[in-house]
Each structure stands twice: as structure tokens, then as C-alpha cells.
Amino acid sequence: MARSVGKKSQYIQSLSPGQTVDDIFLLAGANQAQSKNGPYWNLSFQDATGSIDGKIWSPKSLEYPILEPGSMVRVRGFVESYRDKNQLKVDQMEVLDAPVPGIDLSDFMPASKTPPEELLEALEDMITEHMRHKPWKTLCRKVLDNEDIRARLLAAPGAKTVHHAYVGGLLEHTLGVARACMALCDVYPNLDRQTLLAGAIFHDLGKAWELSGGLTNDYTDEGRLFGHIQIGMEKLEPFLARCPRLEAGLKMHLKHLITSHHGEHEFGSPVRPKTPEAFVLHFADNMDAKLNIIDQAYADMDKTGADWSPYMRFLERNVFRPEPTPDNAKKQNAKAENQCLLPLKA
């Protein structure tokens, strides 16, 4: 291809049927299938704005005996509409050798709207605000100050595909759960606010090792074998052992919050919640995940103007966008700003 590797200029979100494409994408998925005309490739391309399916038909498909997801590819082709969805028909594709010079990885990976550093800082501010028991504060800060843990948290997604599946997603989810828990402590003042906050901060810690993150964001061997709950507990244990001033009962309660936060055995929870704080953490975690799924559905619906989403497997339903209550205060302020303040002639 004539165009040199460099800054992207075409993004998936802005592609439209009939448009010619000549740009770099992440090859997110690749599998071969057979048609009456010969073998072809089913492909999925990704950049920071979304994903698009693609096809390489026979005989062109025979030029690509192996295609590995996670590769950077330079694609030339055009966009067509198939079943009311954009699809990329590939005329020519070059698999680029990693690392690709001049490439900004943020062009290819969805990310939290808030920089991960700010999300982590907000969590640390919550520790300062709510932690009055010094051993709790010491434990939380030592864990978050650990170089390996900090680096992993700043880059980690919240999941592979379901919710918060983007750079900074784990911290965004963790902060959302922590804020929800602290808000519920205002409604139910008998809750142990500090233990609940520690549980909220560390309930998904193991996801920073369960998922690889990066361009492929797949499950690691460790993640597949043990899952994030057990991994998280193993990562916390050395810090708990080096925090003798934290009472044994508080340590036990924290472990229960982490191991029970999925709520039910069929959802991967080793144990079910058995304290008020464990129930609150479970419901806050579940709520934040589901609302993020709905937010993503609404973002997709914005592109088409639809009021209903397609069927969502993880929610087991379609979701509806209701008409919002008018913000009369904004209208009144706008009206006041637009008023002419010049004196009227007599």
C-alpha cells in the first residue's frame, strides 16, 4: 500500500456505506468459514471508537493462510451495509510487524473518559475522607502505593467484553462501586463504612491479573485457572500479613466482602453474602456493572436514533430510553440570559 504508517485519519465510528477505507486497525477477531465459492475470512476490526465486521472473500482469502487476532493491520477496501450494519469488504490487507513505529495505541483501544490517574486519585481521596481507623488507612494506601499494583490498575479494563471493557475501566468501576457504597452508608448509618470502603476498593483487584489488557484484552492463564476473586485474595494476603495492627475480625470481614461480592454460587461467588456490608457491596457492584452496560447500549442507540436496544444477552432483555423530565431550571436560566435588559421606551 502506498500510504505510510502513521497517524490514523479514519475511525470506525465515522465510517459510512460506500466509503473507501485506507487506514490502520486492530484485528480483534479472525476465523475462517466456507462458502460455495471457497473459503473466506470473517474478521472483526477495532479502534478506539468501536468495532466493525469485515470479510475477505475467496480467492483473495487464500493469500492469508493464518491471521492472528491482536495484530495491527493496514486495510484497504470499502464500507458496505449488511443487515443494517456497516461491514468492511477488504480488498487488500497487510499485517504489520510489532511494534509498529509511529502508532499511538490510544487510537485503537477504548478508554475511560476520565484519565485513570484521576480515577485513582479520587479513590485515594475517599480513603482520606472516610478512613478514620489508622490501620485501615495504612493497609489501603500500602496496597495502592505498590508499584506493580498501581501500574496494573492504571491500565486494567473492568472486563473482557461485558462492562467497563476499556483502559481505565477497572478503576472507573471500582470508583463507582465505592461511591455507591458510601452513599448507601448515609441512608443506612449502621453499616461499617470503613470496612465497606476497603471491600469496594479491593473487590475486583484480581482483575488486574485475570485479564491481559492491552490490544488483545484476553484472559491470562492465571485468570482462566483461578479467576479474579482468588487472585485478588492472593495479592492482598501479603499486605494483610504485614499489617498486624489491623484487627483479625476486620481482616476476616474484608475477605468475606471480596469472596462474596458476586452474590450467588451460580455467578461465580465462592460464598454468598452474610453481612449487611457484603449485601451492599454485592448490589452496588451489580448495579454499577449493569448501568455501564446500559450506558454503552444508549451510546449505540444514539447512532441510529432508536428508542429500544437490540436484545442484550447479559441483561436478558432489550432496554428502552425513556423521555427525560425537562430540566426547567436550565430553561429558565437560558431564558433569563437571553432577555433584553435595555430600558423600554415610554
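## Rings, charges and a barrel

Let's start with a charge meeting a ring: the charged end of Arg 321 sits over the ring of Tyr 298, 4.4 Å from its centre. Keep in mind that you are looking at a predicted model. Two other things to look for are a barrel closed by five strands and a set of 13 salt bridges.

**The barrel**

- In what order do the strands of the barrel follow each other? Going round, you meet β1-β2-β3-β5-β4, and the pairing is mixed.
- On average, neighbouring strands of this sheet are turned by 45° against each other, if you ignore direction.
- Take β1 and β2 as an example: they run antiparallel, and nine bridges join them.
- If you want to find a spot where you can see this pairing, look for Leu 27, which stands opposite Phe 45 in β2.

**Aromatic pairs**

- A quick tip before you look: two things describe a pair of aromatic rings, namely how far apart the centres are and the angle of the planes.
- How many aromatic pairs does the structure hold? There are four, and two of them are described here.
- One of them is Phe 25 with Phe 45, a tilted pair with 6.2 Å from centre to centre and 55° between the planes.
- This pair links distant parts of the chain, since Phe 25 belongs to strand β1 (residues 20-35) and Phe 45 to strand β2 (residues 38-47), 20 residues apart.
- Are Phe 25 and Phe 45 buried or exposed? Both of them are buried.
- Another pair is Phe 279 with Phe 283, and here the rings are stacked: the centres are 6.4 Å apart, with 25° between the planes.
- Why are Phe 279 and Phe 283 separated by about one helical turn? They are four residues apart in helix α9 (residues 276-304), so about one turn of the helix lies between them.
- Phe 279 has a relative accessible area of 40%, so this residue counts as partly exposed.

**Around Lys 8**

- Lys 8 is a good residue to click on, as this side chain lies over the face of Phe 25, at 4.0 Å from the ring centre.
- Lys 8 also meets the side chain of Asp 23 in a salt bridge, at 3.9 Å from N to O.
- That salt bridge links distant parts of the chain: Asp 23 is in strand β1, while Lys 8 is in the segment before β1, 15 residues away.
- Both partners, Asp 23 and Lys 8, are buried.
- Which residues are linked with Lys 8 in a network of salt bridges? They are Asp 23 and Asp 47.

**More salt bridges**

- Lys 89 and Asp 91 join their side chains in a salt bridge, 3.6 Å from N to O.
- With a relative accessible area of 25%, Lys 89 is partly exposed.
- Asp 91 comes out at 37% relative accessibility, so it counts as partly exposed too.
- Asp 204 and Lys 207 form another salt bridge, and their closest N and O atoms are 3.5 Å apart.
- Why does Asp 204 count as buried? Its relative accessible area is 3%, and buried means under 20%.
- Lys 207 is buried by that cut-off as well, because its relative accessible area is 8%.

Definitions and conventions. Residues numbered from 1 in each chain as written. Predicted model: local features only at pLDDT ≥ 70, side-chain atom pairs only at ≥ 80, totals over all residues. Heavy atoms only, no water. Phe/Tyr/Trp six-rings, centres within 6.5 Å; stacked < 30°, edge-to-face > 60°. Buried < 20%, exposed > 50% of the residue type's maximum accessible area, 1.4 Å probe, protein only. Lys NZ or Arg CZ within 6 Å of the ring centre and 35° of its normal. Pairing = 2+ DSSP bridges. Axes fitted to C-alpha atoms, helices over the stretch in contact; angles between N-to-C directions. Salt bridge = Lys/Arg side-chain N within 4 Å of Asp/Glu carboxyl O.
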